[in-house]
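Please open the model in your viewer and keep the sequence panel beside it. The stops below go from the whole chain to a single pair of residues.

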Amino acid sequence: MLSGRPFLQIPGPTNVPDRILRAMDRPVIDHRSPEFAALTREVLPGMRQVFGTRDGAVVLYPGSGTGAWEASLVNVLAPGDRVLAFNYGHFSALFARTARNLGFEVDEVPLRWGQELPAEEVEARLKADRGGNPYRAVLVVHNETSTGVTSDVGAIRQAMNAAGHGALLVVDVVSSLASMDFRFDEWGVDVALCGSQKGLMLPPGMSILCVGPRALEAGERGGSPRSFWDWRPVIRDNAAGFFPYTPATTLLFGLREALKMLVEEEGLPAVYARHRRLADGVRAAVRAWNLQILCERPEFYSDSLTAVVMPEGIDSDDVIRRARERFGLSLGVGLGRIKGKVLRIGHLGALNELEVIGTLGGLELALAEAGVRLELGRGVTACLRDFA
Ligand code: PLP
């Protein structure tokens, strides 16, 4: 057992601040009581602010990001409906697979892992879609957690408009929401989906959706056979502050505290600026180590994580193991086809400069021990200079 606190620097779940832990450390209350209804009525408007929506419906389920994928699809798509998806990392590929597993017809466009989703590609695919069964939805992952690449959701919506196509825009914001700028209304998103365990600084346990008017209408008219994930009864009962099932009561107390911290106290623009600042410091260190950032174009760098490519002959799992065993530092593994080739530094959620410096120090030592040729201190120094 190592002394001191463990460093959880995977790209989610993230560190839960003591304040949030304390807010959840309380007796469970009756979820049919007026006290519970008041809690619901407090957290839903706060979540609307985080999503950047005035009238979008926020839907909370016990679950995780994977459940949120399913919820976002079964409410608006019917079996046999066609969807357009892109494979530019592990999670965009899994989102497409979820759609296929549910019986939708998925056109999955392969892209490079390290590349963003180009708006022009979306526009071209939609313009070419002239058959009798048009795409009903375009599936987008805002921040690919496997590659550390962000895509421009606003530009993708403009491309969809330019193509004159009526497909819904369904966006995974699992590793971007509450860490990076996201604007549900302004960007014309129809469904956004998330979990509780990343930018919101909560433990895992909730699937969170934001649903716009076109998606609500699609859900009213059709969708798939569904029960637990049907958002209609949730939205109906939420109006009075309740849920059609037992909600994750304790997490909702945590969410109320998280929203206080993010929206009222620090303020969302400052939260995004902090993530940018910390990410810049991490990237300065990676460059000083002469290691490659997997994201190809700097304008699409993720502010919530950085995926670092290992030099020839170095296994990222070995570096990660050394960091964990020697320093109690957890880093993200390479997922899917990039297993062993990259490691991921999570820099999202409750985090500050000192924690980033500690993380980089531990990683620098682990890299050196694993055989990466670097001059000790260079990466950390580059980060310090960036922060100064
Ligand atoms: N989408 C993205 C972008 C993710 O990063 C993850 C998990 O890391 C998921 C979906 C799946 O979420 P969960 O693991 O909460 O089911």
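**From the whole fold to one sheet**

Among contacts in the protein (heavy atoms within 4.5 Å) between residues at least 6 apart in sequence, 73% join residues at least 24 apart. This is a predicted model, in which local features need pLDDT of at least 70 and side-chain atom pairs count only at pLDDT 80 or more, while totals for chains, interfaces and linings use all residues. Residues are numbered from 1 along each chain as its sequence is written, and side-chain values use heavy atoms, with hydrogens and water left out.

Stay with the whole protein and colour by accessibility: buried residues, meaning those under 20% relative accessible area with a 1.4 Å probe and protein chains only, make up 59% of the 388 residues. Switch next to the C-alpha trace, which spans about 60 × 55 × 35 Å along its principal axes.

Now show the cartoon, where 13 helices and 14 strands can be found; these are DSSP runs numbered from the N terminus, helices (H or I) having at least four residues and strands (E) at least two.

Select strands 11, 12 and 14, which form an open sheet in the order 11-12-14 with antiparallel pairing, two strands being paired if DSSP finds at least two bridges between them. Strand 11 (292-293) and strand 14 (342-346) are the edges, and because each has a single partner strand, one side of each is left without a neighbour in the sheet.

Finally, zoom in on strand 12 (residues 305-309), which is joined to strand 14 by five bridges in an antiparallel run. Where does T306 find its bridge partner in strand 14? Select I345, which is that partner.

Terms used:
Buried < 20%, exposed > 50% of the residue type's maximum accessible area, 1.4 Å probe, protein only.
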